[in-house]
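Work through the exercises below with the sequence and the model side by side. Try each task before reading its solution.

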Amino acid sequence: KIRRVEVATGAVSTLAGSGTSGSADGVGGMAQFYGTVGVTVSPDGSALFVADTGQNKIRRVEVATGAVSTLAGSGTSGSADGVGGMAQFYGTVGVTVSPDGSALFVADTGQNKIRRVEV
């Protein structure tokens with residue numbers, strides 16, 4: 001799950017994810033993750049980008065709605081470059097966004113590479 005903690009109150013709520021391991025895109029509790037180990041926020045605060053290591057994917061979560069979509073990664077372990085589902089990762093652990101929000105940089109630990117994903 002992707003959880004939100006309100007800093008002022010300490011209140012915790014679920015933004016996205018059912019709690020069941022999987023790879024389903026969807027809104028709120030209809031989405032599934034499997035090993036969310038890295039997260040970063042877009043410069044304007046409207047989206048989160050999540051390294052879903054168990055699925056070898058980079059996922060996008062819309063903060064306003066909790067809508068989850070797969071930005072990159074086929075779900076199959078590998079090292080192929082490509083667009084969207086044509087790309088492959090193996091152990092996406094860390095993710096950060098460029099200052100202008102145009103690209104993500106992903107630590108692909110299984111390949112010992114830093115990968116660039118256009119947003």
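**Exercise 1. Place Phe89 by its contacts.**
The model is predicted. List the residues that Phe89 touches, leaving aside its neighbours within four places in sequence.

Solution.
- Step 1: Start with the partners before Phe89 in the chain. Phe89 is in contact with Asn56, Ile58, Ala72, Gly73, Thr76, Ser77 and Gly78.
- Step 2: Add the partners after Phe89. These are Val106, Asp108, Arg115 and Val117.
- Step 3: Look for core members among them. Ile58, Ala72, Val106 and Val117 belong to the largest nonpolar core, and so does Phe89 itself.

**Exercise 2. Map the cores.**
Which residues make up the largest nonpolar core, and which elements give two or more residues to this core?

Solution.
- Step 1: Collect the members. The core holds 12 residues: Ala47, Phe49, Ala51, Ile58, Ala72, Ala87, Phe89, Val95, Val97, Leu104, Val106 and Val117.
- Step 2: Assign them to elements. β5 (47-52), β8 (92-97) and β9 (103-108) each give two or more. β5 supplies the largest share, 3 residues.
- Step 3: Look for another core. A second, separate one has 9 residues, including Ile2, Leu15, Val50 and Val61.
- Step 4: Set this against the general trend. Nonpolar side chains tend to be buried together in soluble globular proteins.

**Exercise 3. Examine Phe33.**
Is Phe33 buried or exposed? Where does Phe33 lie?

Solution.
- Step 1: Locate the residue. Phe33 sits in the loop between β3 (26-27) and β4 (36-41).
- Step 2: Apply the cut-off. Buried means under 20% relative accessible area. Phe33 has 7% relative accessibility, so Phe33 counts as buried.
- Step 3: List the contacts, again without neighbours within four places in sequence. Phe33 touches Ile2, Ala16, Gly17, Thr20, Ser21, Gly22, Val50, Asp52, Arg59, Val61 and Val68.
- Step 4: Check one pair along the backbone. Phe33 and Gly22 are 11 residues apart along the chain, and their C-alpha atoms are separated by 5.3 Å.
- Step 5: Link back to Exercise 2. Ile2, Val50 and Val61 are among the members of the second core.

**Exercise 4. Describe the whole fold.**
How many helices and strands does the protein have, and how compact is the protein?

Solution.
- Step 1: Count the elements. There are 0 helices and 10 strands.
- Step 2: Judge compactness. The radius of gyration is 14 Å, close to the 14 Å from the globule rule for 119 residues, so the protein is as compact as a globular protein of that length.
- Step 3: Add the dimensions. The C-alpha trace spans about 40 × 30 × 20 Å along its principal axes.
- Step 4: Finish with burial and surface. Of the 119 residues, 35% count as buried. About 6000 Å² is exposed, with 54% of it from carbon and sulfur atoms.

Notes: Residues are numbered from 1 along each chain as its sequence is written. This is a predicted model: local features need pLDDT of at least 70, side-chain atom pairs count only at pLDDT 80 or more; totals for chains, interfaces and linings use all residues. Side-chain values use heavy atoms; hydrogens and water are left out. A nonpolar core is a set of buried Ala, Val, Leu, Ile, Met, Phe, Trp, Tyr and Cys residues joined through side-chain atoms within 4.5 Å. Buried means under 20% relative accessible area, exposed over 50%, partly exposed in between (1.4 Å probe, protein chains only). Helices (H or I, at least four residues) and strands (E, at least two) are DSSP runs, numbered from the N terminus. Contact means heavy atoms within 4.5 Å. The radius of gyration is taken over C-alpha atoms; the globule rule is 2.2 Å times the number of residues to the power 0.38. Accessible areas come from the Shrake-Rupley method with a 1.4 Å probe; for residues, only the protein chains shown count as cover.
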